[in-house]
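Let's take a walk through this structure together, one contact at a time. Keep the model open beside you as you read.

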Amino acid sequence: MLAAAVLGAVALGAAPAPASSGAPGEPGAWRLTDTGTDARFRGLAAVNRSTAWVAGSRGTVLRTTDGGSHWRNVSPPGASGLELRDIEAFDARRAVALAIGEGEDSRIFRTDDGGATWTESFRNPDPKAFYDCVTFFDHRNGLAMSDPVDGKYRILSTGDGGRSWKVLPSAGMPAAQPGEAGFAASGQCLVSAGRSDVWLATGGGATARVLHSGDRGLTWTAHETPVPAGDPARGVFGLAFRDRAHGIAVGGDYRADQASPRAAAVTGDAGRTWTPSDRPPPAYRSGVAWLPHSRAAALAVGPTGTDLTTDGGRTWRTVDTGSYDTVDCTRDGACWASGEKGRVARSGR
């Protein structure tokens, strides 16, 4: 299974490059924070410039409420054997975290008290399922996705903020390609925008695709992207949509010794068509986020650096050479990034 390979192979990642902070105040000019751990944080939920949550290896969840000056370990009890790869937070107290893996290793946890206590709201009973990502439309309605089961991606749905989950019917889901699956690399293989639109990123098949649903996961359409595929290590790893029409896809080949040409693409029609970036990031990128209150600026991150676009994803330039797996920006003007060896950083005032 592709995501199972990512669980092992991508977890090794590339050797971290030294940080290069770029111009002061520039987006992507990261300021590292001291997390006090060497866990790898592929899950990130930025609430605002003060509050953020990260989730990662060994079942680790950290939370800050002072802009990263201090981090509190709020890991779910008994989760040290799990890989937490995605986290979605509604505020400083409420969050939902996803553990990945085959069978019962795929679980969902929820907290309502800032991580003081957690409730396990879902444990995957199907040995053929492997959950990769979770997303929320609002504080009640959300989805989680699994790699294909019996030839189709499996979608979980919640209408109570992640307290309970149910499997959606598969009738509206198109067939997966042979070898196709999602990448549990940055918590961005399933993303949403607005009240009902959601997108699912794929790799490993003959073509890298993005699937779109306009009805909260009941029916889907699949569309090819120009991001390299045809190998279990290649495809679309991260998606970001600033509204229901305009999106960016990033990815490539996660192996450090392999080139990643055409590692980014853009869409202006909700993902029906994708255009390769004229000047893409120079290497594999796993995470991407639109800058707040911007129609043209976004950041992409990966093990070898951070890139900035100011023209909606058509051209990119490297602004930092530190290693990060995922990135998230907030409405009050802050961006956060996280990755290997306990790395969490923030930019913005």
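Start with Arg 285 and Asp 307, both of which are buried. Their side chains meet in a salt bridge, with 2.5 Å from N to O. This pair ties together distant parts of the chain: Arg 285 sits in the loop between strand S21 (275-276) and strand S22 (287-290), while Asp 307 belongs to strand S24 (residues 305-309), 22 residues apart. Keep in mind that what you're looking at is a predicted model.

Why would such side chains get together at all? Side chains of opposite charge can pair when their charged atoms come close. There's plenty of that here, with 21 salt bridges in the structure.

Another one to look up is the salt bridge where the side chains of Asp 325 and Arg 40 meet, at 2.7 Å from N to O. Here the two partners are 285 residues apart. You'll find Asp 325 in the loop between strand S25 (317-320) and strand S26 (326-329), and Arg 40 in the loop between strand S1 (31-33) and strand S2 (41-46). Are these two buried or exposed? Asp 325 is buried, and Arg 40 is buried as well.

Now hop over to Arg 123, which forms a salt bridge with Glu 104; the closest N and O atoms are 3.6 Å apart. Arg 123 lies in strand S9 (residues 119-123), and Glu 104 is in the loop between strand S7 (95-102) and strand S8 (107-111), with their positions 19 residues apart in the chain. With a relative accessibility of 36%, Arg 123 counts as partly exposed. Glu 104 is partly exposed too, because its relative accessible area is 46%, and the band for that label runs from 20% to 50%. These two residues also have company: salt bridges that share partners join Glu 104, Arg 107, Glu 120 and Arg 123 into one network.

Next come the disulfides, and the structure holds 2 of them. If you count the bonded cysteines along the chain, they follow the pattern 1-2, 3-4.

Take Cys 133 and Cys 189, whose sulfur atoms are 2.0 Å apart in a disulfide. This link also connects distant parts of the chain, 56 residues apart: Cys 133 is in strand S10 (residues 130-136), and Cys 189 is in the loop between strand S13 (166-167) and strand S14 (190-193). The torsion about the S-S bond is about 120 degrees, so this disulfide is right-handed. Cys 133 has 0% relative accessibility and therefore counts as buried. Cys 189 is buried as well, with a relative accessible area of 0%.

Then there's the disulfide between Cys 329 and Cys 335, with sulfur atoms 2.0 Å apart. The torsion about its S-S bond is about 105 degrees, so it is right-handed. Both Cys 329 and Cys 335 are buried.

Finally, back to strand S14, the one that follows the loop holding Cys 189. In what order do the strands of its sheet line up? This open sheet has 4 strands in the order S14-S15-S16-S17, with antiparallel pairing. At the edges are S14 and strand S17 (221-224), each pairing on one side only. On average, neighbouring strands of this sheet are turned by 25 degrees against each other, direction ignored. Zoom in on S14 and strand S15 (residues 197-201), and you'll find 4 bridges joining these antiparallel strands. One spot to look at is Ala 193, which stands opposite Asp 197 in S15.

Note on methods:
Residues numbered from 1 in each chain as written. Predicted model: local features only at pLDDT ≥ 70, side-chain atom pairs only at ≥ 80, totals over all residues. Heavy atoms only, no water. Disulfide = S-S within 2.5 Å. Helix = DSSP H or I, 4+ residues; strand = E, 2+ residues; numbered from the N terminus. Buried < 20%, exposed > 50% of the residue type's maximum accessible area, 1.4 Å probe, protein only. Salt bridge = Lys/Arg side-chain N within 4 Å of Asp/Glu carboxyl O. Pairing = 2+ DSSP bridges. Axes fitted to C-alpha atoms, helices over the stretch in contact; angles between N-to-C directions.
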